[in-house]
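Colleague: I should like to request a close look at a single part of this model. Would you please describe one sheet and its surroundings, and then set that part in the context of the chain?

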Amino acid sequence: MSHRPPSGLAAVSAALLAMSRHLEMRDVLKTIVASARELLDAEYAALGVPDDHGGFAQFVVDGVSDEQWKAIGPLPRQHGILAAMLHEAKPERLADVRKDPRFEGWPAAHPDMSDFLGLPIRDGDDVIGALFLANKRCPKPEGTCGFTAEDEELLGILAQHAAIALTNARLYERSRELTIAEERSRLAHELHDAVSQKLFSLRLTAQAAAALVDRDPARAKGELQQVAALAAEAVDELRAAVVELRPAGLDEDGLIATLRTQIQVLDRAHTARVTFASTAVRALPAAQEEALLRVSQEALHNALRHSGAGHVDVTLARRDGGTVLRISDDGRGFDPAATRLAGRHLGLVSMRDRADGVGGKLTVESAPGKGTTIEMEVPGG
């Protein structure tokens, strides 16, 4: 039986409904590329969300197996046709992408592609993604493009709805982050109220026991037993709150061991070399240790996913009476003064907030082509 692509208003409606059904960013991206590939009957489809470092923060494909994708290697860079769609912000419809003067080749494991249709995904004046298809599944004379002007128009409609879906997914993720922050704030308030009540009761009961110890030792003993019970309840509530707020690894292993374990895992999982060293750092207050861990995780994520670094070095050391966490990479770097575009680099804001919240400070040193160094310093240790 021959392959028949879906067609008509019902197929378009189904694709648009599928896009609006998801809120998680990854699910939205997968749905968009699958819908575009099916609707336009292409062999391959892909969608890339750019970062600010010349690469892609996320890149999703449809029509390529997991084994092929792993063999292809790292995410593509913003060059050639991809760069044209992102920076020139106009559609590209080509009979053979390999013959375009901007074509710069692809990895050995990359599937062979010929005719090509690509469109930028725009949110107002900002290009927030690029959607593209390859190898239209239809008979086509040599040197002609299987994708038609009607296909381009239809993909344009999908791109407009994709922009809405991506924007909604971003808003959902930010809303979820705010919800988590609000929940932590709520828990802190509840913890404060509960422990304050327990301590108030402890104080009154201890005062009663002190007043009774000379004239009624038996009743004083009962009051002291109540003090012990109230203290145990307060400890249980504090322990429950700490378990919820503080990463388990810190409680079990401490900051240095937790960092070392996580960095060993990252070193095995990525092509970049990731190293860790620490010198004479004593245990820190729980809030400072958690903040240092979270900042290291965010900085490592940025370095490994976006910078193209070959080596990322993490150190934790004492300096001038404080403790300094340093994450340095030899990647492409960026201009810290120009990282506000399209709401990106929320990670830097989050890291600064974490440092400020524990009495520390965060510094960022970077420049295009010069790598990036992030330092967080807290008092003590």
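Modeller: The account below begins with the sheet, proceeds to the core and a neighbouring loop, and ends with other parts of the chain.

The model is predicted. The chain holds 9 helices and 10 strands, and 40% of its 381 residues count as buried.

The part chosen here is an open sheet of 5 strands with mixed pairing, in which the order is 6-7-8-10-9. Its edges are formed by strand 6 (273-279) and strand 9 (361-366), each of which pairs on one side only. From one strand to the next, the twist averages 10 degrees.

Strand 6 and strand 7 run parallel and are joined by 7 bridges. Along this pairing, Phe276 has Val314 of strand 7 opposite it, and Ser278 has Leu316 of strand 7 opposite it. As a general point, side chains in a regular strand alternate between the two faces of the sheet. Together with helix 8, strand 6 and strand 7 make up a β-α-β unit, and this unit is left-handed.

On the next pairing, strand 7 and strand 8 (residues 322-329) run antiparallel, with 8 bridges between them. Here Ala317 stands opposite Val324 of strand 8. Strand 7 and strand 8 form a hairpin with 2 residues between the strands, and within this hairpin Asp320 adopts a positive phi near 50 degrees.

Which residues of the largest nonpolar core touch the most other members? They are Val312, Leu325, Leu362 and Met376, in a core of 33 residues. At least two residues of this core come from each of helix 7 (248-269), strand 6, helix 8, strand 7, strand 8, helix 9 (346-357), strand 9 and strand 10 (372-379). Helix 8 provides the largest share, with 8 residues.

Leu325 illustrates how this core is connected. Leaving aside residues up to four places away in sequence, Leu325 touches Leu259, Leu292, Val295 and Ser296, as well as Val314, Thr315, Leu316, Ile374, Glu375 and Met376. Apart from this core lies another one, of 29 residues, which includes Ala42, Leu117, Leu131 and Phe147.

The link between helix 8 and strand 7 also merits attention. Ser307 is found in the loop between helix 8 (286-306) and strand 7 (311-319). Is Ser307 buried or exposed? Ser307 counts as buried because its relative accessibility of 6% falls under the 20% cut-off. A polar atom of the Ser307 side chain lies 2.5 Å from the backbone oxygen of Ala303. Beyond residues up to four places away in sequence, Ser307 touches Asn302, Asp329, Gly331 and Arg332.

Elsewhere in the chain, helix 4 offers a second part to examine. Helix 4 is mostly covered, with 7 of its 9 residues buried. The buried residues are Gly80, Ile81, Leu82, Ala83, Ala84, Met85 and Leu86. Their cover includes strand 1, strand 2 (56-62), strand 3, strand 4 (116-123) and strand 5 (126-136).

Helix 4 is followed by Ala89, which has a positive phi near 55 degrees, although Ala89 is not a glycine. Ala89 is placed in the loop between helix 4 (80-88) and strand 3 (92-94). With 21% relative accessibility, Ala89 counts as partly exposed, because buried residues must be under 20% and exposed ones over 50%.

Asp41 is another residue that is not a glycine and yet has a positive phi, of about 55 degrees. Asp41 belongs to the loop between helix 2 (25-39) and strand 1 (42-50). Its relative accessible area is 4%, and Asp41 is therefore buried.

One value for the chain as a whole completes the account. Among contacts between residues at least 6 apart in sequence, 63% join residues at least 24 apart.

Notes:
Residues are numbered from 1 along each chain as its sequence is written. This is a predicted model: local features need pLDDT of at least 70, side-chain atom pairs count only at pLDDT 80 or more; totals for chains, interfaces and linings use all residues. Side-chain values use heavy atoms; hydrogens and water are left out. Helices (H or I, at least four residues) and strands (E, at least two) are DSSP runs, numbered from the N terminus. Buried means under 20% relative accessible area, exposed over 50%, partly exposed in between (1.4 Å probe, protein chains only). A polar contact is a pair of N or O atoms within 3.5 Å; within protein, one must be able to donate a hydrogen and the other to accept it, and residues adjacent in sequence count only if both atoms are side-chain atoms. Contact means heavy atoms within 4.5 Å. Two strands pair if DSSP finds at least two bridges between them. Axes are lines fitted to C-alpha atoms, for helices over the stretch in contact, and angles run from 0 to 180 degrees between N-to-C directions. A crossover is right-handed if, with the strands pointing away from the viewer, the path from the first strand over the helix to the second runs clockwise. A nonpolar core is a set of buried Ala, Val, Leu, Ile, Met, Phe, Trp, Tyr and Cys residues joined through side-chain atoms within 4.5 Å.
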